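Please read the following points alongside the model before we discuss it. They take up strand pairing first and the backbone geometry of the loops afterwards.

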Amino acid sequence: MKKLILTSLCVLFFAGTALADWNPGDSYKMHYPQLPDPTGWDVQANDPELADDWLCTGTGPVSDIHIWYSVFGDEYSAILQGGVVRIYSDSPDPDDDGPLFSHPDKKLWEWVFSIDDPRVSSRLYGTGDQGWYNPRNEEVYANNHDNIYQLNIVDIPDPFEQKEGEVYWLALQLNATFAMGWKTSLDHWNDDAVWSNGTIGGPWNELCDPYTGQSLDMAFVITPEPATVALLGLGALSLIRKKRA
């Protein structure tokens, strides 16, 4: 019996660890994961508001969101305190009376999170020679920092229900003691990411590389509702039943 309990606890421990982080090859519910560019840009995310679009490939809750970010100059004393994630509907390109590019439309959902919440975690993901870009004041710094972090938000309460085939926008604001930026991605889909200049919900501006003018997209992945723990729990119950039999 002690061996069974120990096995069950170990299984649940490692399941919890696996559910927090996301790695290439894990499941997802968007067109494809937009992985971080290790030599790309970090776009300042402390100010309102950065957003990028995704295509839902599986109906269900947006229960997990994973975002890659960095700290300006790798400042060692910087503390990520939390932030806000929002989901908007899509306003496709072009609008009759607005910007001539796709952008977020109506706010559908938001969640204010704290790094102290057990459903929120951060880890060092990798390194690379990266630049810093703040489009609001046109600050550009090449070779600014090395460290890449992954922000993991899992088991979101009252998650947004996405529908297969729909396009949505994920928006991010980070609350921190120092400047932090949302990483740009190696992977591009649809139109550019966008940024707002001090106002929640727009007006929106296209996000482009400050040197080349090429489109920039953000590094993130939307994952399905985690079922691993539930399945492992059923497995543990099965072991108990076999033991009793």
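Two strands are said to pair if DSSP finds at least two bridges between them, and the strands themselves are DSSP runs (E, at least two residues; for helices, H or I, at least four), numbered from the N terminus. This is a predicted model, in which local features need pLDDT of at least 70 and side-chain atom pairs count only at pLDDT 80 or more, while totals for chains, interfaces and linings use all residues. Residues are numbered from 1 along each chain as its sequence is written, and side-chain values use heavy atoms, with hydrogens and water left out.

1. Strand β10, which spans residues 167–176, is mostly covered, with nine of its ten residues buried, where buried means under 20% relative accessible area, exposed means over 50%, and partly exposed lies in between (1.4 Å probe, protein chains only). Strand β2 (residues 50–55) runs antiparallel to β10 and is joined to β10 by six bridges; within this pairing, D52 stands opposite L170.

2. Strand β5 (residues 80–91) is also joined to β10 in the antiparallel sense, here through nine bridges. Two positions help to fix the register when you inspect the model: V84 stands opposite Q173, and the bridge partner of R86 in β10 is A171.

3. β5 is itself mostly covered, since ten of its twelve residues are buried. β5 also pairs with strand β6 (residues 103–114), again antiparallel and over nine bridges, and in that pairing I87 has W109 as its bridge partner. As a general reminder for reading such strands, side chains in a regular strand alternate between the two faces of the sheet.

4. Two peptide bonds deserve a look, given that most peptide bonds are trans and most residues other than glycine have a negative phi. A cis bond joins P48 and E49, with omega about -5 degrees, and E49 lies in the loop between β1 (41–44) and β2. The bond from G202 to P203 is likewise cis, with omega near 10 degrees, and P203 is found in the loop between β12 (194–196) and β13 (204–206).

5. Which sign does phi take at D158? The value is positive, near 50 degrees, in a residue other than glycine; D158 sits in the loop between β8 (139–153) and β9 (160–162) and is exposed, with a relative accessible area of 69%.

6. N190 also has a positive phi, near 60 degrees, and is not a glycine. N190 belongs to the loop between β11 (180–183) and β12, and at 47% relative accessibility N190 counts as partly exposed.
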